Amino acid sequence: MRDALRDPANQVSPRARSLWFAEAVIVTVLLVVGLVLLSMWMTGWEFLPQWLLDRTWVAALAIGLVLVPFVLAEPVVRFAVHRWELAADVVYARSGWLSRKWVFVPVSRIQTVDKAQGWLERFFGLATVEIRTASYAGSSTIKGLDYEVAARLAEELSRRAQELRDDAT
Amino acid sequence: MSIPFQEPVPEAARLSPRLLLIDPIRVLPSLLVPLAGVLVAGGFSPRSFIWAALGVAGSVLYAVVRWATFSYTITAGRLELSRAFIGRSTRVIPLERIRGVDVTTPFLHRLLGLAVLKLDTGAGGDKQEGELDGITVEEAERLRAVLLSRHHAVIAPERQARPAAPHDHVFLKVPRAWLRYGPLSGAYLFTPFALVAGAVGLAFQWGGELGLDEDDAVAVGEWLWGHPLLLIGAAVVLVVLMPFLGAAMYAFFNWNFVLFGRGDHLVAERGLINRRVVSLERRRIRGYEIAESPLERRARVARLWAVVTGLGDSQTRGQLLPVAPRAAVGDIAAEAVGPFSEALRPHPPAARRRRLFRAIAPWVALALVMYALGYALIGVAATVLAVAGIALGLDRYRSLGHTYDGTRLSVRSGSLRRAQAVVERRAVVGWTIEQTWFQRRAGLVTVIAGVGAGSGGYKAIDAGETQAAAFAAEVTPDWMAPFLKR
């Protein structure tokens, strides 16, 4: 897409990296702990062959080791990919990690603007802006914004959405 | 243009405190089950009462917290719903975008003089668009007036300006002869098997009352298993019956299909015994979708749906025609939406490789695994499917395409169900371009036109990167121009 579309102007907050890292760590830890519990439970399974029963912990270790590079890479890659812009009354946002997503939402078609902050986001002083139109494919979620930036963007979007007349749909 | 508008007091309002009585009552049933367990297991010991009391106290506390953390404000032409506890969220809905307000009073609410107010903004998806659960009835009526006052001022003149369409003009009475196309769609072909399954289900249901039990069922099963020729015969009969029973079922549902205009509505009527009538408001129609199976393509017939804003379950309710010849489909589509004859632009050769890989690779992998494990028969079957995948993949690539004729855009994809959508430009509410990791390697993307009607989004699968951006820019140049690279 490098030849076709230019990058959206604004980066998300640098603290978003911490958020993504924390989220990835939480998911990984839960997964590994779950697998460890499973392997402890599996020791009672008589019908499994002995060589497998002796090595039930391998799955937990393997998953943990495989996920480590992903946990380290995800925040960095996401910080480079996630960008947003409001220009000419169109919201242009890019997101993704292994895959990519570009969304274009004209302010004239916006139905609702949500500004949300979960407990982890609150800890890092971040917020999410969610813009919805009459279609899932015209709706955008911008994560990892600084709280002040998110508040300003949500305010600006809902003000402009009121001013612009929606002429269709 | 300024609209006379009664500006309400711009201060945050809460839901009625009477709501606090409702929530605990509502959670009680979910408490009863564990409560009963506690009481039964613990007897009448003080501890069980403590647990029960804790449960009730918890639900009351939950209700109080929910009530205390939620507020709504109408200010400067917008409605704000906010919730703040550990996380915070605010939803802003411009009053102009509110299309409808629905006030309901469930039983408990009615006892306390409360109401639930639901907002319809036409925003897509299954998520709740906006709800005030537990305001007084008077407040609900006041809010309805306030929320809709703008809406009517803006919308009403537009409605009157539209000329009325001719009354009861019949566009098409489907001839009986077209019923023979029905089984080609494939959907009705499995009728015999569905009937047998239904009969077996009934036999099990009534068997008990006739004095038959599981042992009898097992005995019947064993007897059948002992006579394989009978089983094979039955299977052959069922397969032979497929087209006939399928045709009968299709005819039953689509008997005397009539499409006519009544006022500003398109009305489709069909059915042998139950006449099913669906009427679609013409000014809400934004496009159409044509679907064909390979058999239907060979017979030059197709199915047609209207893409309508604000119509749920559009796949059944939006149907404009049963299986009908292409010429008739084209005529009705032109009548309902407008003529469209623009040729589709093909997608890059990389898309062909991707379609082929996706159609063949899973079967090759399965075949290899099965050969390795020694299940030669399944391996052969998978190999046959892999070979068939070549034709399927090539056909899927041929189906891919997109175009724009100045007022309507069109996208097409699929082989076993090739579907082409034609949608008016004014229905587009945004664009999404998606690229998986594999698509990135191939330099392809899937571009989705967001539409506030029908399925919500129409995809041009595996378009070239530049091609996709150019397509979006061609349909909506104002929106895309600032972001294109020159």
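Which residues touch the most other members of the largest nonpolar core? Here are some notes to help you find your way around, starting there.

1. **The main core.** Keep in mind that this is a predicted model. Its largest nonpolar core holds 95 residues, and the ones touching the most other members are B:Tyr288, B:Leu304, B:Leu320 and B:Val447. Look at strand β12 of chain B, residues 301-308: with seven residues, this strand gives the core its largest share. As background, nonpolar side chains tend to be buried together in soluble globular proteins.

2. **One residue up close.** B:Leu320 is a handy place to zoom in. Leaving aside residues up to four places away in sequence, B:Leu320 touches B:Leu259, B:Ala268, B:Tyr288, B:Leu304, B:Trp305, B:Ala306, B:Ile332 and B:Ala336. Two of these names, B:Tyr288 and B:Leu304, also appear in the list of core members with the most contacts.

3. **A second core.** There is also a separate core of nine residues, and B:Leu19, B:Ala115, B:Ile135 and B:Leu143 are among them.

4. **How chain B divides up.** The domain assignment splits chain B into domain 1 (19-161), domain 2 (169-191 + 234-336) and domain 3 (349-483). Note that domain 2 of chain B is written as two segments. Taken over C-alpha atoms, the centres of domains 2 and 3 of chain B are 26 Å apart. Where these two meet, domain 2 of chain B brings 13 residues and domain 3 of chain B brings 16.

5. **The domain 2 side of that contact.** On the side of domain 2 of chain B that touches domain 3 of chain B, strands β11 (285-292) and β12 each supply at least two residues. The largest share is that of β11(B), with seven residues. By class, this side has six nonpolar, four polar and three charged residues. So β12(B) turns up twice in this story: in this contact, and as the source of the largest share of the main core.6. **Chain A in two parts.** Chain A is assigned domain 1 (10-79) and domain 2 (83-163). Their centres, over C-alpha atoms, lie 30 Å apart. The contact between them takes 13 residues from domain 1 of chain A and twelve from domain 2 of chain A. On the domain 1 side, β1 (10-11), α1 and α3 of chain A each give two or more residues, and α1(A) provides the largest share, five residues. That side has five nonpolar, four polar and four charged residues.

7. **Helix α1 of chain A.** This helix covers residues 16-42, 27 residues in total, and spans 39 Å from first C-alpha to last, close to the 39 Å expected. A:Ala16, A:Leu19, A:Trp20 and A:Ala24 are buried in α1(A). What do the buried residues of α1(A) pack against? Their partners are α3 (57-81), α4 (119-124), β6 (126-132) and β7 (140-146) of chain A.

8. **Where the chains meet.** The contact between the chains takes 49 residues from chain B and 43 from chain A. On chain B's side, the elements giving two or more residues are β3 (88-94), β17 (428-435), α13 (437-442), β18 (444-451), α14 (465-475) and α15 (477-480). By class, that side of chain B divides into 20 nonpolar, 18 polar and eleven charged residues.

9. **Confidence in chain A.** Mean pLDDT for chain A is 87, with 97% of its residues at 70 or more. Within chain A, confidence is lowest in helix α2 (residues 50-53), at a mean of 75, and highest in strand β4 (residues 100-106), at 94.

Terms used. Residues are numbered from 1 along each chain as its sequence is written. Chains are lettered from A and ligands numbered from 1 in the order in which they are written. This is a predicted model: local features need pLDDT of at least 70, side-chain atom pairs count only at pLDDT 80 or more; totals for chains, interfaces and linings use all residues. pLDDT is the predictor's confidence in each residue, from 0 to 100. Helices (H or I, at least four residues) and strands (E, at least two) are DSSP runs, numbered from the N terminus. The expected span of a helix is 1.5 Å times one less than its number of residues. A residue is buried if 20 or more other C-beta atoms lie within 10 Å of its own, exposed if 12 or fewer, and partly exposed in between; C-beta atoms are placed from the backbone. Two residues are in contact if their C-beta atoms, placed from the backbone, lie within 7 Å. A nonpolar core is a set of buried Ala, Val, Leu, Ile, Met, Phe, Trp, Tyr and Cys residues joined through C-beta atoms within 7 Å. Domain bounds come from an automatic or database domain assignment. Ala, Val, Leu, Ile, Met, Phe, Trp, Tyr, Cys and Pro count as nonpolar, Asp, Glu, Lys and Arg as charged, and the others, Gly among them, as polar.
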